[in-house]
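Welcome, and thanks for taking a look at this one. Below is a friendly tour, grouped by topic, to read alongside the structure.

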Amino acid sequence: MVLDTVVESIESRRSHLTDLALDIWEHPQTAFEETHAAGRLVTALDERGFEVDVGVAGIETAFVARYGDGDPVVGTMGEFDALPGLSQRVSATREPVEPGGNGHGCGHNLFGVGSLGAAVAVADLIDEGVDGTVVYVGTPAEENGAGKTYLTRAGVFDDVDAVVSWHPGWFNAPTKGSCLAVDAFEVTMRGTSSHAAAAPEAGRSALDGIQLLNTGVEYMREHVPDPVRLHYVVTNGGDAPNVVPPDATAEYLIRAPSRDLVESVTDRFRRAVDGAGLMADVGVEITQTSGAYGVRPNETLGDAVYETMTEIGSFSVADEALAAELRDSLGDVSDALEDLPPEVRDRAADRPYFTDPIEAPDAGEVGAYSTDSGDVSQVVPLGRLRTATWPVGTPPHSWQAAAASGSTGVDGMLYAAKTIGGTLGRLLTDPELLADAVDEFERRGGAEAYAPPMPDDADPYELLGIERPTFDPLDGSGADASGMEAADDD
Ligand SMILES: [Zn+2]
């Protein structure tokens, strides 16, 4: 009954949701600058009668939209930032729209709109008499800057009882695993410039400091627990070899399965920074640019997601020819197929898209990735899922993912909308399910221990050197009709 309403609601808006996702795909903007996507999503939610609060947690493109009143309160999240360098046409060969330009290589155009479809469907349920509230949290800057950390710290999820969210992928399954907590740092060394041949004794090389630090990091790698990951890039190593570099900068990521372990490795890293500065006789500046928890799993919600998926069943991709070409462009994907349980690998291997729902392949595992959803999962029960928006074996952040996210991916997006909407609908109407999800959350540690990974005064615009955009989507000018108004004429 609940699921029927949800599916009907999403099917009745199929073309509007598709157009919205493709429009956001055509206007890719990166972290904290996503005014086009956030504007379209805010306008659509506002038109559907959601009460929308824009610019939350000091982030212009972050927003919270609510519909209904009273308990229980269920929520979903929408990401919508693009990636630099992944500009790509809808094509089965590498073909940027704009060389070096932004592109939706992680499918966040689908992510934001799929979740919106779910929230609107739950609003329809509430109109039909279901008690409770649905919240859509617009979460900018997943790819860089960890926007959700700031939203979580600001208390956006404090009155929400459970959240169900998703990510584009190449199969349909709940995500029951955890992942790595992370801290990101920028280190700048400051030395003294001089002529590298005529007066080297007068110079102090900032690049020497960075190289000594990186040598230290390499040695540190051997003496940290196994799942710890350390990586870096040098973003400024000087301008010319005949000038002793006065400034040099590098960026670092420190990942581990727990915040405690990240923080203990971080302490050692900070000492290594000081040591490298001493050796090179240069000044050091260290700035934490972002940080996040690993995800706390919630298998109760994972099971509910799987049940909803199996009730909906499979789906087909409208443009089969393009799907097959995109799949072919990936070549051999046998490594990626290892992610699937052995019994379904053969079924997936033969098809461009694998759209049968399967059980979570990652239950009990800690994936070698990080997401700012980790922070959300520390303060509210979080159910997660992936759907098949991309051809079998497509890696995220690839041009194939970008191409599919602007074409064949919309069918998987609508499937995600139905799955999330259906699961949230169940949480509103099945108090026992919600209580079980909350019980599991408490058993795994509850919300009390959450300590925001970023310092209180951290301003992401300042930290990342991004100009704060002007953003006022509800000022009445230039708002596009979204087709998202209530299904009934009331
Ligand atoms: Zn992503």
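His108 is a good place to begin: this residue is buried, with a relative accessible area of 0%. Please keep in mind that the model is a predicted one. From His108 the tour moves to the zinc ion, then to the strands, the helices and the nonpolar cores.

**The zinc site**

- Which residues supply the protein donors of the zinc ion? They are Cys106 through SG, His108 through NE2 and His167 through NE2, and these atoms lie 2.1 to 2.2 Å from the ion.
- Along the sequence, the donor residues follow the spacing C-x1-H-x58-H.
- The two histidines tie distant parts of the chain together: His108 belongs to helix H4 (residues 108-127) and His167 to strand S5 (residues 162-169), with their positions 59 residues apart.
- Are these donors buried or exposed? Cys106 is buried at 7% relative accessible area, and His108 is buried at 0%, whereas His167 counts as partly exposed at 23%.

**Cysteines**

- How many disulfides does the structure hold? The count is 0.
- For Cys179, the closest cysteine sulfur is that of Cys106, and the two sulfurs are 13 Å apart, so they are too far from each other for a bond.
- Cys179 is buried, with a relative accessible area of 0%.

**Strand S5 and its partners**

- Strand S5, home of the zinc donor His167, is mostly covered, with 7 of its 8 residues buried.
- S5 pairs with strand S3 (residues 73-78) in the parallel sense, over 2 bridges. Here Gly75 stands opposite Val163 of S5.
- S5 also pairs with strand S13 (residues 382-388), again in the parallel sense, over 7 bridges. In S13, Arg386 is the bridge partner of His167.
- Arg386 turns up again among the contacts of Thr175, which touches Asp362, Tyr369, Arg384, Leu385 and Arg386 once residues up to four places away in sequence are set aside.
- Thr175 sits in strand S6 (residues 173-175) and is buried at 8% relative accessible area.

**The antiparallel sheet and its helices**

- What is the order of the strands in the open sheet? Its 4 strands run S9-S10-S8-S11, with antiparallel pairing.
- Strands S9 (229-236) and S11 (283-292) each have a single partner strand, so they stand at the edges and one side of each lacks a neighbour in the sheet.
- From one strand to the next, the twist averages 20°.
- S9 and strand S10 (residues 247-256) make an antiparallel pair over 7 bridges. Within the sheet, His231 stands opposite Leu253 of S10.
- Helix H6 (residues 206-222) packs on the sheet and touches strand S8 (181-190), S9 and S10; the direction of H6 makes about 15° with that of S10.
- Helix H7 (residues 259-280) packs on the sheet too, touching S8, S9, S10 and S11, and the direction of H7 makes about 10° with that of S8.

**A closer look at Asp247**

- Asp247 is found in strand S10 and is partly exposed, with a relative accessible area of 29%.
- Asp247 and Met189 are 58 residues apart along the chain, yet their C-alpha atoms are separated by 5.7 Å.
- Beyond its neighbours within four places in sequence, Asp247 is in contact with Met189, Arg190, Ala206, Asn236 and Gly238.

**Nonpolar cores**

- How many residues are in the largest nonpolar core? This core has 84 residues, and those with the most contacts inside it are Leu41, Phe50, Phe63, Leu116, Val134, Leu340 and Leu427.
- Helix H4 gives the largest share of this core, at 12 residues. H4 is also the helix that holds the zinc donor His108.
- Leaving out neighbours within four places in sequence, Leu340 is in contact with Trp170, Phe171, Arg345, Ala348, Phe354 and Ile358.
- A second, separate core has 27 residues, including Phe32, Ile59, Val163 and Ile466. Val163 has already appeared above, in S5 opposite Gly75.

Technical notes: Residues numbered from 1 in each chain as written. Predicted model: local features only at pLDDT ≥ 70, side-chain atom pairs only at ≥ 80, totals over all residues. Heavy atoms only, no water. Pairing = 2+ DSSP bridges. Axes fitted to C-alpha atoms, helices over the stretch in contact; angles between N-to-C directions. Contact = heavy atoms within 4.5 Å. Disulfide = S-S within 2.5 Å. Buried < 20%, exposed > 50% of the residue type's maximum accessible area, 1.4 Å probe, protein only. Donors = N, O, S within 2.8 Å, 3.2 Å for Na, K, Ca; no water. Core = buried A, V, L, I, M, F, W, Y, C linked by side-chain atoms within 4.5 Å.
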